[in-house]
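Biologist: Could you take a close look at one part for me, the hairpin and the backbone turns that go with it? I would enjoy a connected walk through it.

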Amino acid sequence: MVIILVVLVGLAVDPWLIHPSVPAVLMLALQVLHCLPGTKRFRGRWTLAAQAVLFPWAGPPGFLAASALLIVGGRIRWALFAAVVAAAGLMNLGDVYACANAMGNALAIGVTVYGLTRLSDLRAELRAARGELAAESVAGERERFSRDLDAVLGSALSEIVGLAAQGRIEEILSLARETAVRVRATPAAPTEPPPTDLTPRLALPIVVVAHLEYLAVGAISLWDASPPTPLLAAGLGGLAVIIGLSVYHCLPRPPGVRPRHAGWTLSAQTALACLPLLMPGGPEPRMVGFAAGSILIIIGGRLAWPLFGAVVLSVPAVLLARSVSPGQAASLTVDTVTIALIFYGLALLTGLVHEVREARLALAAMALARERRRIARDVHDLLGYGLSAIIVKAELAARDPLQAERELADIALTARRALGDLRAIPADDQRMSLRTELASAHEVLTAAGITVRVDASADGLPGPVDALLATVLREAVTNVLRHSRARTCSVEVAVADGTVRLRVTNDGVPQAPVETRGQGVDGQGAGGQGVGNLTERVAAMGGRLTAGRSTGEEYELLVLQPVGLGGDADRVDSVAGVELGDDRP
């Protein structure tokens, strides 16, 4: 914003008049209104019309050209822009140079002011909407996972329902075991966030057009001065090299990336730009502005501004030494600084837009990674239980034909519930109840031949805490069924001093782990999902989970969870909640 203000003030100063007229001040004020992001509600067609009224008496004409692009929408704005540029030429028909200079200035100032403003607006828009890409990415990931889960696991659960209706117990066992392996091994596919164009499309054309204008006006000025042919050729060649190197230095690049051979190209540009200050027939300081702008773009850091100041201050020093009036020297110095800041501003804002877009990509990548972890965790925690219950009931039906009909009905019901869980996982919309899970745990463990004791007095828990403990209990029961040789299992839930305590114990810890994958039976294994997932869930809500051997062959899983929801529970768990400092990934 500061650069835009300085550029506008610099452009508003008449090249040969330090004190602008009242119409020029009004034109500048309206242009500031059109360019600053916080003034959008105060501008519109009427402010553009006011500038049009001031146009014949207030320069520069490029302000009206820029405002036409900023205020008017659609293709008509470019027609209005061209009309303003043509009008600037018609107002200066005295000679070819005056006409070309007026049209060139209107064109260059119009596109550069428009470019600086739009780049600034684009950065602000991207920064304000930086969570949208993450939200879109997560929505796409959920849709893809929903399809994949239904194809891989949903079809298996639906098939189990059909097999239960046909009484095909052995096939149910085989399919349930195979599907349980898939659940434990389901990876999160490495989906990437949607691609985005990291280079603002308007930056490059504006840089090229602005430089071409200075090249054309400078060439006409040299031609109009009628120097000797060798001097004219040298001047045109030097002008082309200076401006060509400026284009090279201003090309859009990722932040921190310098042009190749920047030391040599900057040195050559600075040397050539200073030569016109010493030319006979009158100094020409504007070329120094291109070198000064390149210094800010290439060098950067604390050294850039002192060097910039030294180069810029050489302009009034030489002008005054060559008997140029103080007013003209001051005006030409302002013109030099304005040229430098125009191209530095374009390069700087292009880099900032690039950084914000990279930050949006980083936010999307973080949100995707978090969503993949959540879905994989929920698949493991929620579906593992249902499949373990199906396996237990199928084994019981195979052992006791008298109970087969009832167990097959339970298998079908459990598979349908698992299908419901499966379809709710991508939407993160599970509605789990601790009371329901306590009853289910008692039923499933009893069916597995385990003596169960339930001591629960935790009614009235907040919804998130109730759902968390239900999830922990479901995984704990899954682990008992899958990893232990338990004969007895105890589940205790109690609330005291603002903390709810969930304790699940069993006496089935063998001397060697039944399964080395994951946390195993003692919670100390590496690379697992179950207990690790639960620990993350509990910690995210300010609680603490411990799991491992307690005494002898007893295994204990203990959760201490504040009822008042600590930790991150008060934060909305959404992709928009991910933040990056200073717009940097």
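Modeller: Happy to! Two strands count as paired if DSSP finds at least two bridges between them. Keep in mind that the model is predicted.

Strand E4, residues 544–549, and strand E5, residues 555–562, run antiparallel to each other and are joined by six bridges. One of the pairings puts Leu545 opposite Val559 of E5. Five residues sit between the two strands of this hairpin, and there Gly552 adopts a positive phi near 55°.

That sign makes a nice link to the rest of the chain. Most residues other than glycine have a negative phi. Two residues that are not glycine nevertheless have a positive value: His261, at about 55°, and Ser323, at about 70°.

Where do they lie? His261 belongs to the loop that connects helix H10 (229–250) with helix H11 (262–274). Ser323 is found in the loop between helix H13 (301–321) and helix H14 (326–399). As for accessibility, His261 has a relative accessible area of 54%, so it counts as exposed, because the cut-off for exposed is over 50%. Ser323 is exposed too, with a relative accessible area of 68%.

If you are also curious about cysteines, the disulfide count is zero. Cys99 has 17% relative accessibility and therefore counts as buried, while Cys274 is partly exposed at 26%.

Note on methods: Residues are numbered from 1 along each chain as its sequence is written. This is a predicted model: local features need pLDDT of at least 70, side-chain atom pairs count only at pLDDT 80 or more; totals for chains, interfaces and linings use all residues. Side-chain values use heavy atoms; hydrogens and water are left out. A disulfide is a pair of cysteine sulfur atoms within 2.5 Å. Buried means under 20% relative accessible area, exposed over 50%, partly exposed in between (1.4 Å probe, protein chains only). Helices (H or I, at least four residues) and strands (E, at least two) are DSSP runs, numbered from the N terminus.
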